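Work through these exercises with the model open beside you. Try each task before you read its solution.

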Amino acid sequence: MPEIGVSLCMTVKNEAHVLDRLAADLRAQTVKPDEIVVTDGGSTDGTVERLREVLGEFEEVRVIAMPGANIAAGRNRAIAEARGEVVLVADAGLRLPPRWVEGLSAAVREEGVDVAFGYVLSEPENDFEFALAAVTRPLKEEIDSGTYPVSGGCAGFRAELFTRYQYPEWLDYGEDMHLYLRWRRDGVGMVHVAAADAGFRPRPDVGVFFRQYFNYARGDGEAGMWG
């Protein structure tokens, strides 16, 4: 069995429509992950079958069925199953630049760095999405890396960190913010990697956007993060 240095972990549910783009981004990486571990929360749109098709060229791919699992539980399971010394966590819907794996994994191996992250930047495709991006996400030049809330879908860390920190499974939404605030409180060493800045398409209409931010607010309230 080949040595595992970098593990890429993801959790998915009904995301068959983004998997071709994800696979293309992973094929374009300057450094490939040594294994890919995906948990599926109970997809009904053919996500699992499509995952196995589009990631078939990668030697080490495991898809774990977790029907009913929330994002935190799915991430924790994937990370627990990972065998690499470096763990990268991605969201399937993000657009990963070619040096995403290389940049994050190299930064995590530097002395004093526990967590490396990229910004998640808007990549709108229609007028509504451009307007939404303008009011919900800052431009890259407006971001302070020292206070940026690390996204759970665009980060890497040493595997041993997982023995001390996990995503809060009792929280259905806002799990990455909750973990980020713990890291900040505890003085975990975090560094921004510009080469790992990922793209994110804003929600395409008002209804979907409302549900997204309602869930964010619900998670913030349940966890008491912004009292």
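**Exercise 1.** Is helix 4 mostly covered or mostly bare, and how many of its nine residues are buried?

*Solution.* Start with the ground rules. This is a predicted model: local features need pLDDT of at least 70, side-chain atom pairs count only at pLDDT 80 or more, and totals for chains, interfaces and linings use all residues. Residues are numbered from 1 along each chain as its sequence is written, and side-chain values use heavy atoms, with hydrogens and water left out.

Step 1. Fix the terms. Buried means under 20% relative accessible area, exposed over 50%, and partly exposed in between (1.4 Å probe, protein chains only). Helices (H or I, at least four residues) and strands (E, at least two) are DSSP runs, numbered from the N terminus.

Step 2. Count. Seven of the nine residues in helix 4 are buried, so the helix is mostly covered.

Step 3. Name them. The buried residues are Trp100, Val101, Gly103, Leu104, Ser105, Ala107 and Val108.

Step 4. Find the cover. It includes strand 1 (6-12), strand 4, strand 5, strand 7 and strand 8 (190-192). Contact here means heavy atoms within 4.5 Å.

Step 5. Set this against the whole chain. Of its 227 residues, 49% count as buried. The chain has seven helices and nine strands.

**Exercise 2.** Which strands pair with strand 7, and in what sense?

*Solution.* Step 1. Apply the rule: two strands pair if DSSP finds at least two bridges between them.

Step 2. Take strand 4 (residues 86-90). This strand pairs with strand 7 in the antiparallel sense over five bridges. Val87 stands opposite Phe157 of strand 7.

Step 3. Take strand 5 (residues 115-117). Here the antiparallel pairing with strand 7 runs over three bridges. Ala116 stands opposite Gly156.

Step 4. Check the burial of strand 7 (residues 154-158). Four of its five residues are buried.

**Exercise 3.** What lines the second largest cavity?

*Solution.* Step 1. Define the search. On a 1 Å grid over the protein atoms alone, a cavity is a set of points where a 1.4 Å probe fits but cannot get out; lining residues have an atom within 4 Å of a point. Grid points are joined across faces, edges and corners, and a volume is the space filled by probe spheres set on the points.

Step 2. Run it on the whole structure. Three cavities of 30 Å³ or more turn up. The second largest has a volume of about 40 Å³.

Step 3. Read the lining. Among its residues are Phe157, Leu161, Phe162, Gln166 and Trp183.

Step 4. Sort the lining. Eight residues are nonpolar, one is polar and none is charged. Ala, Val, Leu, Ile, Met, Phe, Trp, Tyr, Cys and Pro count as nonpolar, Asp, Glu, Lys and Arg as charged, and the others, Gly among them, as polar.

**Exercise 4.** Why does Asp45 count as partly exposed, and why does Arg95 count as buried?

*Solution.* Step 1. Asp45 lies in the loop between strand 2 (35-40) and helix 2 (47-54). Asp45 is partly exposed because its relative accessible area is 34%.

Step 2. List its polar contacts (N or O atoms within 3.5 Å, one able to donate a hydrogen and the other to accept it; residues adjacent in sequence count only if both atoms are side-chain atoms). The Asp45 side chain reaches the backbone nitrogen of Glu15 at 3.4 Å. Another polar contact, of 2.5 Å, joins the side chains of Asp45 and Thr47.

Step 3. Arg95 sits in the loop between strand 4 and helix 4 (100-108). Arg95 counts as buried because its relative accessibility is 15%. Not counting residues up to four places away in sequence, Arg95 touches several residues, including Asp25, Glu123 and Glu125.

Notes
1 Å grid on protein atoms, 1.4 Å probe; cavity = no way out; pocket = protein on both sides within 12 Å on 5 of 7 lines; lining within 4 Å.
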